[in-house]
Amino acid sequence: MSANFRDFLSPLDSVRFGFGVAKVDDFASGIDPLLDQFRANSIKLVISRIPSADISLLNELEDRGFRIKDTQLTYRYSLTSRIDQPSIDSKDFRVRKFEPDDTDALVRVAQESFSGYGHYAADTKLDPVKCAEIYEDWAQNTCRDPKVADQIVVAERDGALIGYLSFKIKSAGKEKYGAGGMGAVSNEHRSLGVFSAIVRAGLKWGQEIGLAWEEHNVISANFPVNHSFIRCGFKPSHSVVTLHGWL
């Protein structure tokens, strides 16, 4: 059975950018028939996230004009075989649970941290102002929509929010795990160990509520965050490549 192009439409992206956008991560039914459907229905941009190991598919998409916009690593930490983490206490900042009054400050940190970041911003054909709006909206939804985040850990210094990390509880068979969402530290506080402390606080939370593991996606070129997860005991699980195809 051939795929239907409607199943891949991204209404949010289409409204934001003002033209049809589709997201396809599985081309099992064939690349060209689906792309032909998109062209026939005025879809201009196709965004695909493909396992890095699937070189054959990546090359086929490149042959059709798709271009790499980012690569991401997924790090995983097993909470069923957890080794105690170092203390998260610090004289420089305090780690605590998110409160609704933190929303405006969290959004400001997101705006600062994600300027020019990610696969949308890497595409010079997309409006950079609209790309920035994606992270602002994501931050707002992280704070206000339980469908986006079940837990947010924040760090504050002198009463000001300086970093955060969100989590969404998901299921895999009979097990539940914590999937990391948005996370960032303000530019001027990135040498204090804030992010590692937040990550460890998240692990403590996950263990307390009985999660089997936690995992986070990181752009491979974001070396400081990659280093933070490695220092906290996370191990690479898998990786993906994000491509944009303009039709």
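In the predicted model, Tyr75 has His216 of strand E8 as its bridge partner. This pairing belongs to the antiparallel arrangement of strand E3 (residues 67-78) and strand E8 (residues 213-219), which are joined by 7 bridges. Arg76 is likewise paired across to E8, where its bridge partner is Glu215. Strand E3 is also joined to strand E9 (residues 235-246), again in antiparallel fashion, by 9 bridges. In that pairing, His238 of E9 stands opposite Thr74.

These strands form part of an open sheet of 9 strands with mixed pairing, in the order E1-E2-E9-E3-E8-E7-E6-E5-E4. The edges are occupied by strand E1 (20-23) and strand E4 (94-97); each has a single partner strand, so one side of each is left without a neighbour in the sheet. On average, and with direction ignored, neighbouring strands of the sheet are turned by 25° against each other.

Two helices that pack on the sheet may be described together. Helix H7 (residues 194-208) touches E3, E4, strand E5 (151-157), strand E6 (160-172), strand E7 (175-185) and E8. The direction of H7 makes about 35° with that of E6. Helix H8 (residues 223-231) packs on the sheet through contacts with E3 and E8, and its direction makes about 160° with that of E8.

Both helices contribute to the nonpolar interior. The largest nonpolar core has 25 residues, and within it Phe229 and Phe234 have the most contacts. At least two residues of this core are supplied by each of E3, E5, E6, H7 and H8. The largest share, 8 residues, comes from H7. With neighbours within four places in sequence left aside, Phe234 contacts Tyr75, Arg76, Tyr77, Val199, Leu203, Glu214, His216 and Phe229. Tyr75 and His216, the bridge partners named at the outset, are thus both among the contacts of Phe234. A second core of 19 residues is separate and includes Ala3, Leu35, Ile43 and Leu57. In soluble globular proteins, nonpolar side chains tend to be buried together.

Burial in strand E3 extends to a polar residue. Gln72 is found in E3 and counts as buried, at 12% relative accessibility. Residues up to four places away in sequence not being counted, Gln72 touches Arg49, Asn217, Val218, Ile219, Ser220, His238, Ser239, Val240 and Thr242. His238 is also the residue of E9 that stands opposite Thr74.

In helix H3 (residues 55-63), the buried residues include Leu57, Leu58 and Leu61. These three cover an arc of only 100° around the axis, which puts them on the same side of H3. The elements covering the buried residues of H3 include helix H2 (31-40), strand E2 (43-51) and E9. Leu57 is also one of the residues of the second core. After H3 comes Gly65, which has a positive phi near 100°.

Side chains of opposite charge can pair when their charged atoms come close. A search of the whole structure finds 11 salt bridges. One of them joins Asp32 to Arg64, with the closest N and O atoms 2.8 Å apart. Distant parts of the chain are linked by this pair, as Asp32 lies in helix H2 and Arg64 in the loop between H3 and E3, 32 residues apart. Asp32 counts as partly exposed at 37% relative accessibility, and Arg64 counts as partly exposed at 31%.

A further salt bridge is formed by the side chains of Lys91 and Asp92, at 3.5 Å from N to O. Lys91 is exposed, with a relative accessible area of 78%, whereas Asp92 is partly exposed, with 23%.

The side chains of Glu156 and Arg94 also meet in a salt bridge, at 2.5 Å from N to O. Since Glu156 lies in strand E5 and Arg94 in strand E4, the pair ties together parts that are 62 residues apart in sequence. Glu156 counts as buried at 13% relative accessibility, whereas Arg94 is partly exposed, with a relative accessible area of 45%. Both residues belong to a network of salt bridges that links Arg94, Arg96, Asp102 and Glu156. Strand E4, in which Arg94 lies, is one of the two edge strands of the sheet.

Conventions. Residues are numbered from 1 along each chain as its sequence is written. This is a predicted model: local features need pLDDT of at least 70, side-chain atom pairs count only at pLDDT 80 or more; totals for chains, interfaces and linings use all residues. Side-chain values use heavy atoms; hydrogens and water are left out. Two strands pair if DSSP finds at least two bridges between them. Helices (H or I, at least four residues) and strands (E, at least two) are DSSP runs, numbered from the N terminus. Axes are lines fitted to C-alpha atoms, for helices over the stretch in contact, and angles run from 0 to 180 degrees between N-to-C directions. Contact means heavy atoms within 4.5 Å. A nonpolar core is a set of buried Ala, Val, Leu, Ile, Met, Phe, Trp, Tyr and Cys residues joined through side-chain atoms within 4.5 Å. Buried means under 20% relative accessible area, exposed over 50%, partly exposed in between (1.4 Å probe, protein chains only). The arc is that of the directions from the helix axis to the C-beta atoms. A salt bridge is a side-chain nitrogen of Lys or Arg within 4 Å of a carboxyl oxygen of Asp or Glu.
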